[in-house]
Amino acid sequence: MNGDELMKQEILERFIEYVKIDTQANDESTTCPSTPGQLTLLNKLVDELKFIGMSEVTIDEFGYVMATLPSNTEKEVPTIGFLAHVDTATDFTGAHVNPQIVENYNGKDIVLSKQQNIVLSPKNFPELANYLGHTLITTDGTTLLGADNKAGIAEIMTAMTYLIDHPEIKHGKIRVAFTPDEEIGRGPHRFNVKAFNATYAYTVDGGPLGELQYESFNAASAIVNFKGNNVHPGTAKNKMVHAGKMAMEFHGKLPVAEAPEYTDGYEGFYHLLKIKADVENAKLAYIIRDFNREAFANKKEKMLEIADELKEKYGKDCLAIEIRDQYYNMSEKIKPVKEVVEVAEQAMKNLYITPKIAPIRGGTDGSQLSYMGLPTPNIFTGGENFHGKFEYISLQNMEKATKSIVEIARLFAERA
Ligand SMILES: [Zn+2]
């Protein structure tokens, strides 16, 4: 086997091992990690990091794993970090993942489950055409795959192994972290930025080849509780106050076009997540998203204005609104240190990968970490269709992600 084949073999073995551990997060749990399976994998990663020869391997009381690859150059190189999360999405089960390996993909339908007639088809997923001749790893149609984000773990681990085996590649100090509960938005909450002590970091948590992201939404949640007055409908005239109808009125005042189903690119939205309503009580749960900080503020303001209008009409106790910021657009923190993006871009170009820089219509752990003092853009893992049964990943592109990590480390030292 040549070097590339060995690297692919290593990535594949690691990946298959990781996805077989059920690490689905649970947002109803108050512990950290939210589920015990995550800790199983995190502990395993501790052993593996030690085994491959990493230094300062630690796991803290919340399960955050960190490790160091010491610098092998005299130069002053900024410390860079690579992060991946161990948990899988809450949307679809991650128990008993049974990965299927499709070698030399021929561009046709991939039958995931014959029994249940679940087919990964280029008719529904035309991007499959990009993977002709690749080795694809798919699900068996009954679970998600967990490439999000176990591909990132396998890639970081293999890149570190590669750097350890190739001391001729000069690099500065590298920090690695594997973290819990990204999928339920808690990943960075207990991340010890000080202990990590890196100048920049990358989450290896993106999708298809070349993805490089450093712009995320500004994000807030809004909960509106309405209080009505239920009276027997036969004698309700001028007495009944209908909470559900107030909720409908509230929602009706929001701009119709500013919703997820009508927006893309840099457009923001209000997304009504949940409605619960009867005559006496009603509740609306929203998320608010916008890339632009001012537009974000305006969206929140708009909600408060609508709340005031209804209070004027129905009395000040008719509703209570609570808006909470969740995370902010990381570009505000990353643009001033654009080097972190430039190096990743150059690393990809050096490997003949076309960088695909686009805003993330969502957030990553990096959105919060960037505001905690660690500028953290996101790079690709090679996966597609995250969070569901059609999730798959190309082994060739996992290899490219691994090489991108190595090249980023090398470039930082070269530039120093
Ligand atoms: Zn992820």
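Strand β14 gives the most to the lining of the largest pocket, with six residues. I begin there because the pocket takes up much of what I will present, and the structure under discussion is a predicted model.

The largest pocket holds about 1600 Å³ of space. Which residues lie closest to its centre? Of the 44 residues in the lining, they are Glu 183, Ile 184, Gly 185, Arg 289 and Gln 326. Seven elements are to be named here, each giving two or more residues to the lining: β9 (200–206), β10 (211–213), β11 (218–227), β12 (269–277), β13 (281–290), β14 (319–327) and α9 (365–371). By class, the lining comprises 17 charged, 15 polar and 12 nonpolar residues.

The second largest pocket has a volume of about 160 Å³. Its lining consists of His 251, Gly 252, Leu 254, Pro 255, Val 256, Glu 258, Ala 259, Glu 261, Tyr 262, Tyr 270, His 271 and Leu 272. Two elements, α5 (243–252) and β12, give two or more residues to this lining. Which of the elements gives the most? That is β12, with three residues. The lining divides into seven nonpolar, three polar and two charged residues. Strand β12 therefore deserves attention in both pockets, as it gives two or more residues to the lining of the largest pocket and three residues to that of the second largest.

I turn now to the strands. Strand β13 pairs with β11 in the antiparallel sense, over 10 bridges. Within this pairing, Lys 227 stands opposite Asn 281 in β13. Strand β13 also pairs with β12, again in the antiparallel sense, over eight bridges. Here His 271 has Ile 287 of β13 as its bridge partner. The two strands β12 and β13 form a hairpin, with three residues between them. Is β13 enclosed or open to the outside? Eight of its 10 residues are buried, so β13 is largely enclosed by the rest of the structure.

A further hairpin lies earlier in the chain. Strand β1 (residues 55–59) and strand β2 (residues 65–69) pair in the antiparallel sense over three bridges. Ile 59 stands opposite Val 65 in β2. This hairpin has five residues between its strands, and Gly 63 takes a positive phi near 95°.

Next come individual residues. Ala 307 has its place in helix α6 (residues 293–314). Is Ala 307 buried or exposed? Its relative accessible area is 1%, and it counts as buried because the cut-off for that class is under 20%. Leaving aside neighbours within four places in sequence, Ala 307 is in contact with Phe 250, Leu 319 and Ile 321. For one of these, Ile 321, the C-alpha atom is separated from that of Ala 307 by 7.2 Å, with the two residues 14 apart along the chain.

Thr 143 is found in a loop, the one between β7 (136–138) and α3 (147–165). Thr 143 is buried, at 2% relative accessibility. Which residues does Thr 143 touch, not counting those up to four places away in sequence? They are Phe 92, Thr 93, Ala 95, His 96, Val 97, Gly 388 and Lys 389.

Val 337 is found in the loop between α7 (331–334) and α8 (339–350). At 24% relative accessibility, Val 337 counts as partly exposed, because buried residues have under 20% and exposed residues over 50%. Leaving aside neighbours within four places in sequence, Val 337 is in contact with Tyr 200 and Pro 375. The C-alpha atoms of Val 337 and Gly 94 are separated by 37 Å, and these residues are 243 apart along the chain.

I close with the cysteines. A disulfide is a covalent bond between the sulfur atoms of two cysteines. How many disulfides does the structure hold? The number is zero. Cys 32 is buried, with a relative accessible area of 17%. Cys 318 is likewise counted as buried, at 3% relative accessibility.

Methods
Residues numbered from 1 in each chain as written. Predicted model: local features only at pLDDT ≥ 70, side-chain atom pairs only at ≥ 80, totals over all residues. Heavy atoms only, no water. Disulfide = S-S within 2.5 Å. Buried < 20%, exposed > 50% of the residue type's maximum accessible area, 1.4 Å probe, protein only. 1 Å grid on protein atoms, 1.4 Å probe; cavity = no way out; pocket = protein on both sides within 12 Å on 5 of 7 lines; lining within 4 Å. Points joined across faces, edges and corners; volume = space filled by probe spheres on them. Helix = DSSP H or I, 4+ residues; strand = E, 2+ residues; numbered from the N terminus. Nonpolar A, V, L, I, M, F, W, Y, C, P; charged D, E, K, R; others polar. Contact = heavy atoms within 4.5 Å. Pairing = 2+ DSSP bridges.
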